[in-house]
Every structure is written in C-alpha cells, then in structure tokens.
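Please walk through this protein structure, starting with its overall layout and ending with the empty spaces inside it.

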Amino acid sequence: MKNILVVAATAALCVLAPHRAHAQEAGIKLNAVAPGAVVETLDGKQVDLGTYLRRTPVVLEFWATWCPLCKELEPQLQAAREKYAGRVTFVSVGVKDNQTPDKQKAYAESHHLGGEFVFDRDGKAVAAYQAPHTSYLVVIDGEGKVVYTGVGVKQNVDEAVAKALPMNGMSKMGSR
C-alpha cells in the first residue's frame with residue numbers, strides 16, 4: 001500500500017511539474033562539483049557515476065518508464081544524443097520506484113533509446129543529485145561542474161547541453 005501511495009504521489013508531482021518547476025529551481029546547485037554515486041548497470045554490475053565524469057560533458061536524466069514527462073522529453077534527448085555523439089555522454093539514471101532494471105532495459109530496447117542506462121536501486125544517485133523527481137536533468141561540463149539542472153518538459157535539452165561545451169576551443173569563461 002505504501003508503495004502505491006509513493007507512486008501515486010510521484011506521478012501527481014510529475015503531472016503538476018510543468019506548471020511550477022523550471023530550470024535551476026530544485027536539485028543540486030549550479031557550479032557544484034558533480035558527485036559520484038554507486039548505481040548498477042541494467043545487467044546488475046555496480047558502477048560509480050563518477051566514472052563518467054571529467055572525460056566529456058555528461059547529461060544525467062533521472063527517469064522511469066511510467067513517467068509521462070520523461071516520455072515527452074525522449075525526442076529531445078534522442079536528438080541531442082545523435083547531435084553530440086562522441087562529444088557528450090548521456091546517462092539515464094533509472095529510479096527505483098515501481099521499477100526494475102529489467103523493465104527499464106526492455107523499455108530502452110523497444111524504444112531504441114541510446115546512451116548509457118543505470119539503475120539507482122538504493123537511491124544514492126537521487127540523494128547525491130537531490131533529484132526532486134523524474135524528468136530531472138543535470139548537465140555536467142568536462143571539468144565535473146554542474147552547469148544546468150532542470151525538470152519537466154519545458155526544458156530545451158540542446159541549449160542545456162551547449163552550456164557544457166567549450167566555445168570555439170576556448171574555455172566557457174573566455175580568454176583574457
């Protein structure tokens with residue numbers, strides 16, 4: 001019964017989120033150093049999110065197969081995966097509420113979704129990134145700093161990812 005209430009409350013929050021939440025209103029603070037968190041691959045192997053950091057920019061999406069906002073973000077995320085292939089790492093972090101790695105793996109395969117997929121069985125990634133709910137994106141630059149957070153369908157994924165990329169070979173701060 002408790003699980004049903006948690007799922008119902010989360011689903012209600014997801015439905016209301018587009019009207020109330022916008023970029024940078026919740027979650028980990030901008031310019032924070034992105035933390036690691038132990039999660040597991042969809043095949044059950046432990047991996048730390050920190051292993052993805054400081055190589056290329058990273059986009060973390062906290063998602064679930066039942067999340068309507070996540071489904072609406074899928075086309076934007078897939079377009080960004082294709083546009084930034086080889087330059088940006090996309091990691092979909094599956095939440096544990098009413099989910100299993102098998103459900104998420106089947107969904108990702110049947111919808112031909114790209115990127116890396118991990119499962120947050122113990123809620124460590126949700127806690128580390130202060131994810132308010134599903135459809136939460138965190139964009140991290142190549143130095144490991146959070147440059148964007150947002151929630152809901154009104155996010156511009158392409159603009160968010162661009163914040164993590166060096167401009168014309170120069171640092172984001174420009175040259176002196």
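How many helices and strands are there in the protein chain? The model is a predicted one, and its protein chain has 5 helices and 7 strands. Read from the N terminus, the elements follow the order α-β-β-β-α-β-α-β-α-β-β-α. The chain has 176 residues, and 47% of them count as buried.

The sheet comes next. Strands of a sheet pair through backbone hydrogen bonds, either parallel or antiparallel. Here 7 strands make up an open sheet with mixed pairing, and their order across it is 2-1-5-4-3-6-7. The edges are taken by strand 2 and strand 7 (146-151); each has a single partner strand, so one side of each has no neighbour in the sheet. From one strand to the next, the twist averages 30°.

Begin at the edge formed by strand 2. This strand, residues 46-48, pairs with strand 1, residues 38-41, in the antiparallel sense over 3 bridges. The two strands form a hairpin with 4 residues between them, and G44 in the turn has a positive phi of about 90°. Within this pair, E40 stands opposite Q46 in strand 2. Strand 1 also runs antiparallel to strand 5 (residues 116-119), to which 2 bridges join it. E40 takes part in this pairing too, standing opposite F119 in strand 5. E40 therefore has Q46 in strand 2 opposite it in one pairing and F119 in strand 5 opposite it in the other, as strand 1 lies between strand 2 and strand 5 in the sheet order.

Further along the sheet, the sense of pairing is parallel for strand 3 (residues 58-63) and strand 4 (residues 89-94), which are joined by 6 bridges. In this pair, E61 stands opposite S92 in strand 4.

At the other edge, strand 6 and strand 7 pair in the antiparallel sense over 5 bridges. They form a hairpin with 5 residues between them, and G144 in the turn has a positive phi of about 90°. Y136 stands opposite V151 in strand 7. Is strand 7 mostly covered or mostly uncovered? Strand 7 is mostly covered, as 6 of its 6 residues are buried. Its place at an edge of the sheet leaves one side of it without a neighbour strand, yet that concerns strand pairing, and the residues of strand 7 are buried all the same.

Just ahead of this hairpin is T134, in the loop between helix 4 (124-128) and strand 6 (136-140). Why does T134 count as buried? Its relative accessibility is 2%, and buried means under 20%. The C-alpha atoms of T134 and L69 are 7.7 Å apart, although 65 residues separate the two along the chain.

The cysteines can be taken next. A disulfide is a covalent bond between the sulfur atoms of two cysteines. How many disulfides does the structure hold? The count is 0. C67 counts as buried because its relative accessibility is 0%. C70 is buried as well, with a relative accessible area of 1%.C70 also leads to the empty space inside the protein. Rolling a probe the size of a water molecule over the atoms shows where empty space is left. A search of the whole structure finds 1 cavity of 30 Å³ or more, and the volume of the largest cavity is about 60 Å³. Which residues line the largest cavity? They are E61, W63, C70, E74, L77, R81, L113 and F117. Strand 3 and helix 2 (68-83) are the elements that give two or more residues to this lining. Helix 2 supplies the largest share, 4 residues. By type, the lining of the largest cavity divides into 5 nonpolar, no polar and 3 charged residues.

There are open spaces to consider too. The second largest pocket has a volume of about 180 Å³. It is lined by 12 residues, and those closest to its centre are V95, D97, V126, A131 and H133. How do the residues of this lining divide into nonpolar, polar and charged? The lining of the second largest pocket has 5 nonpolar, 4 polar and 3 charged residues.

Methods: Residues numbered from 1 in each chain as written. Predicted model: local features only at pLDDT ≥ 70, side-chain atom pairs only at ≥ 80, totals over all residues. Heavy atoms only, no water. Disulfide = S-S within 2.5 Å. Buried < 20%, exposed > 50% of the residue type's maximum accessible area, 1.4 Å probe, protein only. 1 Å grid on protein atoms, 1.4 Å probe; cavity = no way out; pocket = protein on both sides within 12 Å on 5 of 7 lines; lining within 4 Å. Points joined across faces, edges and corners; volume = space filled by probe spheres on them. Nonpolar A, V, L, I, M, F, W, Y, C, P; charged D, E, K, R; others polar. Pairing = 2+ DSSP bridges. Axes fitted to C-alpha atoms, helices over the stretch in contact; angles between N-to-C directions.
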